[in-house]
Amino acid sequence: TPELAIALMDEWEGKIEALAQSTINEPVTSISGVPTWTLVLLKRILEISGKKNIKEVWPNFEVYIHGGVSFTPYKNEFNKLIGPGCNYVEIYNASEGFFAAQDYPGADGMLLFPDHGIFMEFMPITEYGKKHPLTVGLDKVELGKQYALIISTNGGLWRYLVGDTIQFTHLNPFRINVSGRIKHYI
């Protein structure tokens with residue numbers, strides 16, 4: 001759920017309403033999406049249903065998969081709206097590729113996917129804006145240092161600056177957190 005016609009709607013307010021109306025009686029067990037729009041949807045579902053939390057609407061709801069922005073400012077509100085017993089899983093994907101995902105609840109950082117057809121380089125933030133910025137491979141990254149992600153793919157992107165900044169939380173295996181954007185740090 002929802003049906004394809006709703007999923008393809010481009011007018012957001014109408015789409016949120018159609019999503020809420022069409023899914024309220026479905027046996028939903030998981031949702032994925034950007035936290036800001038997901039909050040709007042969950043609030044509308046609670047308005048329509050008159051229930052106190054999403055677990056009352058969908059008793060088997062168990063996981064929310066999120067990405068696109070930091071989840072930290074939204075977590076308390078999600079806990080309140082969903083109710084007890086929900087798992088939260090962070091992913092790092094974009095139009096250009098799927099880079100990392102939280103591989104178990106509570107993981108410190110997302111597991112980086114260095115072997116999924118995307119070659120990754122890491123530019124220290126101090127190099128940003130230089131004519132010939134230094135980049136490093138996974139063998140030279142450091143914990144806690146901010147890097148801009150640069151990718152090359154077999155789909156035709158060559159040394160493409162994704163625009164996000166990341167920090168490594170572990171080096172074996174490689175785990176990262178998205179820390180911000182090139183021009184606007186979180």
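**Exercise 1. Locate Leu138 in this predicted model, decide whether Leu138 is buried, partly exposed or exposed, and state how far Leu138 lies from Pro114 in space.**

Solution. Begin with the position in the chain: Leu138 sits in the loop between strand 6 and strand 7. Next take the accessibility: the relative accessible area of Leu138 is 23%, and since buried means under 20% and exposed means over 50%, Leu138 is classed as partly exposed. Finally compare sequence with space: Leu138 and Pro114 are separated by 24 residues in sequence, while their C-alpha atoms are 8.8 Å apart.

**Exercise 2. Describe the chain as a whole: how many helices and strands are there, in what order do the elements run, and what share of the residues is buried?**

Solution. The count of elements gives five helices and nine strands. Reading from the N terminus, the order is α-α-β-α-α-β-α-β-β-β-β-β-β-β. As for overall dimensions, the C-alpha trace spans about 55 × 30 × 30 Å along its principal axes. Of the 186 residues in the chain, 40% are buried.

**Exercise 3. Determine how helix 3 and helix 5 are arranged with respect to one another, giving the distance and angle of their axes and the hand of their crossing.**

Solution. The description needs two quantities, because two packed helices are described by the angle between their axes and the distance between the axes. For helix 3 (residues 35-49) and helix 5 (residues 75-82), the axes come within 11 Å and cross at roughly 25°. Since angles under 35 degrees count as roughly parallel, helix 3 is roughly parallel to helix 5. The last step is the hand, and the crossing of these two helices is left-handed.

A side-chain contact can then be added to this picture: Glu77 and Lys43 meet in a salt bridge, at 2.7 Å from N to O. Because Glu77 belongs to helix 5 and Lys43 to helix 3, this pair ties together parts that are 34 residues apart in sequence. Both partners are partly exposed, Glu77 with a relative accessible area of 29% and Lys43 with 37%.

**Exercise 4. Trace the salt bridge of Arg44 with Glu17, say which elements the pair links, and name the network to which these residues belong.**

Solution. Start from the total, which comes to eight salt bridges when a side-chain nitrogen of Lys or Arg must lie within 4 Å of a carboxyl oxygen of Asp or Glu. In one of them, the side chains of Glu17 and Arg44 meet at 2.6 Å, N to O. The pair links distant parts of the chain, with Glu17 in helix 2 (residues 12-23) and Arg44 in helix 3, 27 residues apart. Turning to accessibility, Glu17 is partly exposed at 28%, and Arg44 is partly exposed at 25%. The picture is completed by Glu47, which is linked with Glu17 and Arg44 in a network of salt bridges.

**Exercise 5. Which residues join Val40 in a nonpolar surface patch, and how accessible is Val40?**

Solution. The patch is formed by Trp12, Trp37 and Val40, which together have about 290 Å² of accessible area. Val40 is found in helix 3. Its relative accessible area is 39%, which makes Val40 partly exposed; this value meets the requirement of over 30% for a patch residue.

**Exercise 6. Examine Arg159: where does Arg159 lie, what is its phi angle, and with which residue does Arg159 form a salt bridge?**

Solution. Arg159 lies in the loop between strand 7 and strand 8. Its backbone has a positive phi of about 55°, although Arg159 is not a glycine. Its side chain forms a salt bridge with Glu121, the closest N and O atoms being 2.9 Å apart. Because Glu121 lies in strand 6 (residues 118-124) and Arg159 in the loop, the pair ties together parts that are 38 residues apart in sequence. With a relative accessibility of 12%, Glu121 counts as buried.

**Exercise 7. Where are the cis peptide bonds that lead into Pro2 and Pro173?**

Solution. A cis peptide bond joins Thr1 and Pro2, with omega about 5°, and Pro2 is placed in the segment before helix 1 (4-7). The peptide bond from Asn172 to Pro173 is likewise cis, with omega near 0°, and Pro173 is placed in the loop between strand 8 and strand 9 (174-181).

Key
Residues numbered from 1 in each chain as written. Predicted model: local features only at pLDDT ≥ 70, side-chain atom pairs only at ≥ 80, totals over all residues. Heavy atoms only, no water. Patch = residues over 30% accessible without salt bridge, like charges linked within 9 Å, V, L, I, M, F, W, Y side chains within 5 Å. Areas by Shrake-Rupley, 256 points an atom, 1.4 Å probe, with all protein chains shown as cover. Helix = DSSP H or I, 4+ residues; strand = E, 2+ residues; numbered from the N terminus. Buried < 20%, exposed > 50% of the residue type's maximum accessible area, 1.4 Å probe, protein only. Axes fitted to C-alpha atoms, helices over the stretch in contact; angles between N-to-C directions. Parallel < 35°, antiparallel > 145°, perpendicular 65-115°, else oblique. Left-handed = near helix turned anticlockwise from the far one by under 90°.
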